[in-house]
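Open the model in your viewer and keep the sequence panel beside it. This tour moves from the whole chain to single residues.

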Amino acid sequence: MKRPAHATRGRYAPPVPRRALEVTSADGSRLYAEVHGPEGAPAVVLSHGWTCSTAFWAPVVRELADTHKVVVYDQRGHGRSPAVPPAGYSTRALADDLVAVLEQSLAPGERAVVGGHSMGGMTIMAAAERPELRARTAAALLCSTGCADLAAESRVFPLPSPGGRRLAHRLLLGSRAPLGPVSPVAKWALRYATMGGGSSAEQIEACARIVHACPIDVRARWGMVLYHLQLTRSVSRLEVPTAVLAGTEDRLTPFVHARRLASVLPQCEGLTELPGLGHMTPVEAPDAVAGRLRELVRDHLAATPSSRDERPAGRQKKEKAA
């Protein structure tokens, strides 16, 4: 029997949403979205990464939904959002989709803290210059992500030269090889490539089910967008308070990316270092991710306008979380 595309019990099982909605993007693409938590509570909008789905955010949603309105959505081609023609995979499309979700899931005039993991973080960067993002976003969290040179910096294949790493990771990102069933070997490979050595069997199983459910063509097309990614200029134009969070053992987007983002962001709210964790930080450390989102809500969404105005722009700090 085929396993469900996500955990069905425990902390990593997706909670039942208060409501589901269909979002229509600029090119007519349809996106599946969910709203959790009480209406009228401070809003958090979460964008998942490559080969994942709304289910990836399950433990973070569980942490936040009692006191926050939490919106999650499936990137095009992932989860319950239909695949699109080949021309529909681009950083522009990522930005269009995020703007559509913000406009169609939030009330008129409502703002949110926006969080993105991996490709979800790149989604926020891609939308940096959109007036709709600036109008709707009080603050942002970039989680386990990067803005450029992903294939040259990745350490899934720890080759000595950037050129060799670039070629090897291009093959990985663009591969159309089927992942097959969620077997012990498949889980070992996923843990090696994407998670820290201390990840639990439950965490590995939850991530494997989600990743293996991503359609092959969708995985490969988005993989090539990531291979060609160049968003450094966009990051420098992300004019909202933005925090960065990453695991020190991330092989897909190594910690050098987090440092680079912190140095380029115009309003950096700090770099949170998660020792020993890998790429899947919302699953590996949901408490830390949810905690950072709560802090951003407290400082930039729940605070009064006068108290926000008193906060110095461009504040940078380095934090560590266990």
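How much area does the protein chain expose, and what share of it do carbon and sulfur atoms supply? The exposed area is about 12,900 Å², and carbon and sulfur atoms supply 55% of it. Accessible areas come from the Shrake-Rupley method with a 1.4 Å probe, and for residues only the protein chains shown count as cover.

A note before you select anything. The model is predicted: local features need pLDDT of at least 70, side-chain atom pairs count only at pLDDT 80 or more, and totals for chains, interfaces and linings use all residues. Residues are numbered from 1 along each chain as its sequence is written, and side-chain values use heavy atoms, with hydrogens and water left out.

**Stop 1: the whole chain**

Show the C-alpha trace. Along its principal axes it spans about 55 × 40 × 40 Å. The radius of gyration, taken over C-alpha atoms, is 18 Å; this agrees with a compact globule of 322 residues, which would have a value near 20 Å (the rule is 2.2 Å times the number of residues to the power 0.38). Colour by burial next: 58% of the 322 residues are buried (buried is under 20% relative accessible area, exposed over 50%, partly exposed in between, with a 1.4 Å probe and protein chains only).

Switch to cartoon. The protein chain has 14 helices and 9 strands (DSSP runs numbered from the N terminus; helices are H or I of at least four residues, strands E of at least two). Of the contacts between residues at least 6 apart in sequence, 79% join residues at least 24 apart (a contact means heavy atoms within 4.5 Å).

**Stop 2: strand S4**

Select residues 69-73. This is strand S4, and 5 of its 5 residues are buried. Show the side chains. Lys69, Val71 and Tyr73 point one way, while Val70 and Val72 point the other way.

Which strands pair with S4? Add residues 30-36, strand S2, which runs antiparallel to S4 and is joined to S4 by 4 bridges (strands pair if DSSP finds at least two bridges between them). Ala33 has Tyr73 as its bridge partner in S4. Now add residues 43-47, strand S3, which pairs with S4 in the parallel sense over 5 bridges. Here Leu46 is partnered by Val72.

Bring in helix H1, residues 58-64. S3, H1 and S4 make a right-handed β-α-β unit. To check the hand, point the strands away from you: the path from the first strand over the helix to the second runs clockwise.

**Stop 3: two loop residues**

Stay at this unit and pick Thr51, in the loop between S3 and H1. Its phi is near 70 degrees, a positive value in a residue other than glycine. Thr51 is buried, at 5% relative accessibility.

Then go to Ser144, in the loop between strand S6 (137-143) and helix H5 (150-153). Phi of Ser144 is also positive, near 50 degrees. At 1% relative accessibility, Ser144 is buried.

**Stop 4: the cysteines**

Select Cys143. Why is it in no disulfide? Its sulfur is 11 Å from the closest cysteine sulfur, in Cys52, and that is too far for a bond (a disulfide is a pair of cysteine sulfur atoms within 2.5 Å). Cys143 is buried, with a relative accessible area of 1%.

Cys214 is in no disulfide either; the nearest cysteine sulfur, that of Cys52, is 8.3 Å away. Cys214 is buried, at 8% relative accessible area. The structure as a whole holds 0 disulfides.
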